[in-house]
Each structure stands twice: as structure tokens, then as C-alpha cells.
Amino acid sequence: MDYKSSLIQDGNPMENLEKQLICPICLEMFTKPVVILPCQHNLCRKCASDIFQAANPYWTGRGSSVSMSGGRFRCPTCRHEVIMDRHGVYGLQRNLLVENIIDIYCLTCEVPTCSMCKVFGVHKACEVAPLQSVFQGQKTELNNCISMLVAGNDRVQTIITQLEDSCRVTKENSHQVKEELSQKFDTLYAILDEKKSELLQRITQEQEEKLSFIEALIQQYQEQLDKSTKLVETAIQSLDEPGGATFLLTAKQLIKSIVEASKGCQLGKTEQGFENMDFFTLNLEHIADALRAIDFGTDEEEEEFIEEEDQEEEDSTEGKEEGHQ
């Protein structure tokens, strides 16, 4: 049966053509290559191979080194027995007419179609092109898109690498400035500790000098007190002497010793406010303000800050001098 007779027998040529282009095995439009059976029915070669293999499970496929006779299977449409040679389904002729009919592509609808649909059917007003040319064009376009995407990915990867490098450098720079800042503050701590030790030592030295002076005075007064106490005891004992001659011999010397002891009461004394240590007081408010004002900046800003501090100190000194005049 050919296509012309089939179309004539059917009142709807397009519907009959559509049926003629459907594979009875996969029930889809034929997939190339299309083979024609001796009974004039068509199959996708892949579908024909599947039913042939199912009917001849022990048949050795193409490319085998063992030469075997062909097999057989029945046409799924008319049940006609098809006898194959040793080439199997590859020995069947291709139906180029069917392949040419299905081998076009509707550019308007972007679907595969057939020549009859273009001439008589829904794709009559559409623009069509050979399927192979569309395939090659789409393949080329897809390759170009892949190349473009790969190039874009390469650029993105380059940016990622740059950002990762930037992240690494940022961490390294941050670590470096943290180390430098810690060293500067450690230097300040060391200066403050050194100055603290120096000032505490000066206070301790002043304390020891004053205590030594006071302790020396206490020792002198204690010795004077002991002497006076002994003289008092001796004088009281002399008063108890019954004989006038014995009393007179000792009384004169006792009176002289008491007079001299009385002069000893004029030993050194501490001045008023001797124990005061207020002159060691520090005014660190301006230094505390300077420490609180520490911030990140340029060397020029630091120099300006120092100059302002010096100017404030000069103005304060001049104001005090004018107040004393």
C-alpha cells in the first residue's frame, strides 16, 4: 500500500496522513531512520529492532564475529511474517519518503512538522525549514551560548578569586594594624607603669625621711624623759634624808642637774603640717581627656591635637601669673 492510494481511499487526507506517520510500536511520530517492511508498513528502526530482538532472543547482534542466519518477526500492523537475513533490521530498506515528510521544522510554532501539514494543515501559514538545518543552527547557537556562559563563569570565578584575595588581604592588614595598635598601647602601659613606680618611689622616699626625723625626735625625747624620771626619783629620795649635812651635800648637785634637764626640753619639734603629703597630688584630668580622645587619624591630626594641648597649658600658665601680679 502506498501513500497515494491510502490518501485517495480516505475522505480526510490530513487525518489519514497523520495516521501513516505514527509508528505502531511507540505510537509517536516516526523517528529516523524509518524502515519499510515487505508488507509496505513502516516502523522506526529502533522499534523494529526491539520487536525483532524479542522474537529472536538468541540472535547475535550486528558486529558479532559469529555468522548466523537471520530471524523473523511479524508486522505489528498486519501480522505479516517478515523474514530477515543475517543483517537483521539493518537489512531493511529505509523509507526516505517518510523521512523527508517528517524532516521539516516549523519556525513559527517551534515544533517538528511534516510537508503535508505545511501544504494543507495548521502550519500552512508558518515558516518552515529543514530539520537538519534547524538542528545545526540550534546546536551552533547552543554552543555559542555555552561558550558565552563559560566565559561568563570564568569572569565570575575571576571576580570570586579577586574577592577572596581581597578578603585575605583585609584579614592580614587587620591583623597587622591590631598588632601595631597593641604594641603602641603596651608602650603606653609601660610608660605609665614606669612613671607610677617613679612617683611612688618619691612618695616613699619622702615618707621615710619624715618618719626617720620623727623617730629620731621620739628617741631624743624618750632619753630626756628617762633622765628626768631618774632625777625626780633621786630628788624624792634626797628629801627623805634625815640628816641635814647629807642632804646639803647632794641637794646642790641635784638642783644643778634638774636645771640642766629642764633646758633639754627645748629639743627639736616638727613644724605645723609636717605630716601633710598633699604636695604629691597629681592633676591628670587633661591627660585622661587626651587618652579618651585617642582615635584613628593621620599624623597631622595628632600634631594639631598636641599643639592645642600646649597652647592651652601656656594660656593657663599666663593666667595664673597675671593673677599673682
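This passage walks through a predicted model of a single protein chain, from its overall make-up down to a few individual residues.

To begin with the broad picture, the chain contains nine helices and eight strands. It runs to 325 residues, and 18% of them count as buried. About 24,900 Å² of the chain is exposed, with 55% of that area supplied by carbon and sulfur atoms. As for how the chain folds back on itself, take the contacts between residues at least 6 apart in sequence: 48% of these join residues at least 24 apart.

Then there is the matter of confidence. The average pLDDT over the chain is 81, and 79% of the residues score at least 70. Strand β2 comes out highest, at 92, whereas helix α1, residues 3-9, is lowest, with a mean of 44. The pLDDT stays below 50 over residues 1-10, a stretch that makes 14 contacts in the model beyond its near neighbours in sequence. Where pLDDT is low, the predicted coordinates should not be read in detail.

Next comes a sheet. Three strands make up an open sheet in the order β2-β1-β5, and the pairing is antiparallel. The edges are taken by β2 (42-44) and β5 (93-94), each of which pairs on one side only. Strand β1, which covers residues 34-36, is joined to β5 by two bridges in the antiparallel sense. On the β5 side, Q93 is the residue that stands opposite I36. A helix goes with this sheet too: α3 (residues 45-55) lies across β1 and β2, and its direction makes an angle of about 90 degrees with β2.

The loops around these elements hold some backbone details. Just ahead of the sheet, P33 sits in the loop between α2 (13-20) and β1. The peptide bond leading into P33 from K32 is cis, with an omega near -5 degrees. Further along, Q40 is placed in the loop between β1 and β2. Q40 is not a glycine, yet its phi is positive, near 75 degrees. With a relative accessibility of 37%, Q40 counts as partly exposed, because that class covers values between 20% and 50%.

R79 tells a similar backbone story: its phi is positive, at about 65 degrees, and R79 is not a glycine either. This residue belongs to the loop between β3 and β4 (81-83). R79 counts as exposed because its relative accessibility is 52%, and the cut-off for that label is over 50%.

A glycine rounds off the tour. G71 is located in the loop between α3 and β3 (72-74). Its relative accessible area is 6%, so G71 is buried, given that the label applies under 20%. Leaving aside residues up to four places away in sequence, G71 touches F52, N56, W59, V82, I83, M84 and D85. One of these contacts, W59, is twelve residues away from G71 in sequence, with 7.2 Å between the two C-alpha atoms.

Methods:
Residues are numbered from 1 along each chain as its sequence is written. This is a predicted model: local features need pLDDT of at least 70, side-chain atom pairs count only at pLDDT 80 or more; totals for chains, interfaces and linings use all residues. Side-chain values use heavy atoms; hydrogens and water are left out. Two strands pair if DSSP finds at least two bridges between them. Helices (H or I, at least four residues) and strands (E, at least two) are DSSP runs, numbered from the N terminus. Contact means heavy atoms within 4.5 Å. Axes are lines fitted to C-alpha atoms, for helices over the stretch in contact, and angles run from 0 to 180 degrees between N-to-C directions. Buried means under 20% relative accessible area, exposed over 50%, partly exposed in between (1.4 Å probe, protein chains only). Accessible areas come from the Shrake-Rupley method with a 1.4 Å probe; for residues, only the protein chains shown count as cover. pLDDT is the predictor's confidence in each residue, from 0 to 100.
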